[in-house]
Amino acid sequence: MFRIKQDDYNTVQFMPDYKSSEASKKKQKPAPAVESIGSKPQKARARRNLIIVLVIAIVVCVAGWYVYSHYFTDDAKYIRAFNEANYGTAGEIAKESKGSGSFSDKIGDTVISAADKELDQYKKGKVNANDAIAALTKYDEASAGLFNDHIQKNIDAINAIEGVYANVDQAADLAQNGQYDKSLDSLRSSIEGAAANGLNIDPQITKVLTDNLLGFKETLFSEYSVQIRWAEDLSSVKDSLAFVNTYISDPDFTAFNDTISQVESKKLRRSAAAATARQISKSAKAQRLEAAQAAAQQAAGAADANAAGAAANAQ
């Protein structure tokens, strides 16, 4: 290509060829964006701030849930009232919420633990039976009967234990009144009840037998003499001896085990063993009567001394 200069029309200037088609096809690529020097720290700071906000939001949510679940739900309000011994309020909450299975599950540990603790305190002798049963009854009412089976079981255990001790006391009274056979029956009943309730009443039984030893010896050896002479099986005699020897150590009861063994092995005649038993019974009776007479004389002497003292004081 060429062109004519404007200021010199006689001069021609040559120009390079212009390829418009090729130029249009070659489009220039946009220059890459240049990241500013401070953009990376800014983004890191933004991410850090976002994480902090999320953590704070989670903490607030957890704290809110904790406060709500521990202070504002029915089970939370119930547990708080129960632990504060506000049983009237607890009972009202339980009545309104007892239809909810989750409610009873959530308060169960609180009520049952309190009921079991009361039974344990009773067994340790820290509370008496009446107070323990009264407390358990309150727990039952405060839980609207939701745990009646468990609480009633604890009440029954207390009553059973009281029954065992009542039997021991009854045995002592019967022995004091000379009803030794009935006293022994009451003691055996006490042992069965004690075993069923995990009690150790050995000291109490030992005391009853020791305090009334002569009367029991008189009664039992009299029975032994009859059983040895007429009973074909001597197991009842052996059982009785085993019972007594478990709780006291007395030479007459201890030695009579050998006597029974000799009868069973045919080394000793039944009549001889029966005679031995009768003699022990008679001797015990004589000692018992002598001791009773001495006690009566001592009591009379004390009464006379008191009367004399009173008369002297009156003068």
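## Helix 7

The buried residues of helix 7 are I151, N154, I155, A157, I158, I161, V164, N167, V168, A171, L174 and A175. In this predicted model, those residues pack against five elements: helix 5 (101–123), helix 6 (129–142), helix 8 (180–196), helix 9 (202–211) and helix 10 (213–230).

Helix 7 covers residues 148–176, which is 29 residues. At 1.5 Å a residue the expected span is 42 Å, and the end C-alpha atoms lie 41 Å apart, so the two values agree. Just after the helix, G178 takes a positive phi of about 80°.

## S190 in helix 8

One residue of helix 8 shows a set of contacts that includes helix 7 residues. S190 lies in helix 8 and has a relative accessibility of 0%, so it counts as buried. Leaving out residues up to four places away in sequence, S190 touches V164, N167, V168 and I201. V164, N167 and V168 are among the buried residues of helix 7.

The remaining partner, I201, is 11 residues from S190 in sequence. The C-alpha atoms of S190 and I201 are 8.2 Å apart.

## Helix 10

Helix 10 has 18 residues, which should span 26 Å at 1.5 Å a residue; the distance between its end C-alpha atoms is 26 Å, in agreement. Its buried residues are G215, F216, K217, E218, T219, L220, F221, Y224, S225 and I228. Charged residue types are on that list, including K217 and E218.

## Aromatic pairs

A pair of aromatic rings is described by the distance of the centres and the angle of the planes. Searching the whole structure gives 11 aromatic pairs. One of them is Y78 with F82, a stacked pair with 6.0 Å between centres and 25° between the planes. Both residues belong to helix 3 (residues 74–83), where they are 4 residues apart, about one turn of the helix. Y78 and F82 are both buried.

F221 and F256 form an edge-to-face pair, at 5.2 Å centre to centre and 85° between the planes. F221 is in helix 10 and F256 is in helix 12 (residues 251–264), so this pair ties together parts that are 35 residues apart in sequence. F221 counts as buried because its relative accessibility is 0%. F256 is buried as well, with a relative accessible area of 2%.

## Ring cluster and charges over rings

Ring pairs join Y78, F82, Y87, F103 and Y139 into a cluster. The stacked pair of Y78 and F82 described above belongs to this group.

Two arginines place a charged end over an aromatic ring. The charged end of R188 sits over the ring of F243, 5.0 Å from the ring centre. For R229, the charged end sits over the ring of W230, at 6.0 Å from its centre.

## Positive phi outside glycine

Most residues other than glycine have a negative phi. A144 departs from this with a positive phi of about 55°. A144 lies in the loop between helix 6 and helix 7, and its relative accessible area of 16% is under the 20% limit, so A144 is buried.

K266 also has a positive phi, near 65°, and is not a glycine. Its place is the loop between helix 12 and helix 13 (270–314). With 74% relative accessibility, over the 50% limit, K266 counts as exposed.

## The chain overall

The protein chain has 13 helices and 2 strands. Of its 315 residues, 29% are buried. Among contacts with a separation of 6 or more, 60% are between residues 24 or more positions apart. The chain exposes about 21,000 Å², with carbon and sulfur atoms supplying 54% of that area.

## Confidence

The average pLDDT of the protein chain is 85, and 77% of the residues score at least 70. Over residues 60–72 the pLDDT is below 50; beyond near neighbours in sequence, this stretch has 10 contacts in the model. Where pLDDT is low, the predicted coordinates should not be read in detail.

Methods
Residues numbered from 1 in each chain as written. Predicted model: local features only at pLDDT ≥ 70, side-chain atom pairs only at ≥ 80, totals over all residues. Heavy atoms only, no water. Expected span 1.5 Å × (residues − 1). Buried < 20%, exposed > 50% of the residue type's maximum accessible area, 1.4 Å probe, protein only. Contact = heavy atoms within 4.5 Å. Phe/Tyr/Trp six-rings, centres within 6.5 Å; stacked < 30°, edge-to-face > 60°. Lys NZ or Arg CZ within 6 Å of the ring centre and 35° of its normal. Areas by Shrake-Rupley, 256 points an atom, 1.4 Å probe, with all protein chains shown as cover. pLDDT = per-residue confidence, 0-100.
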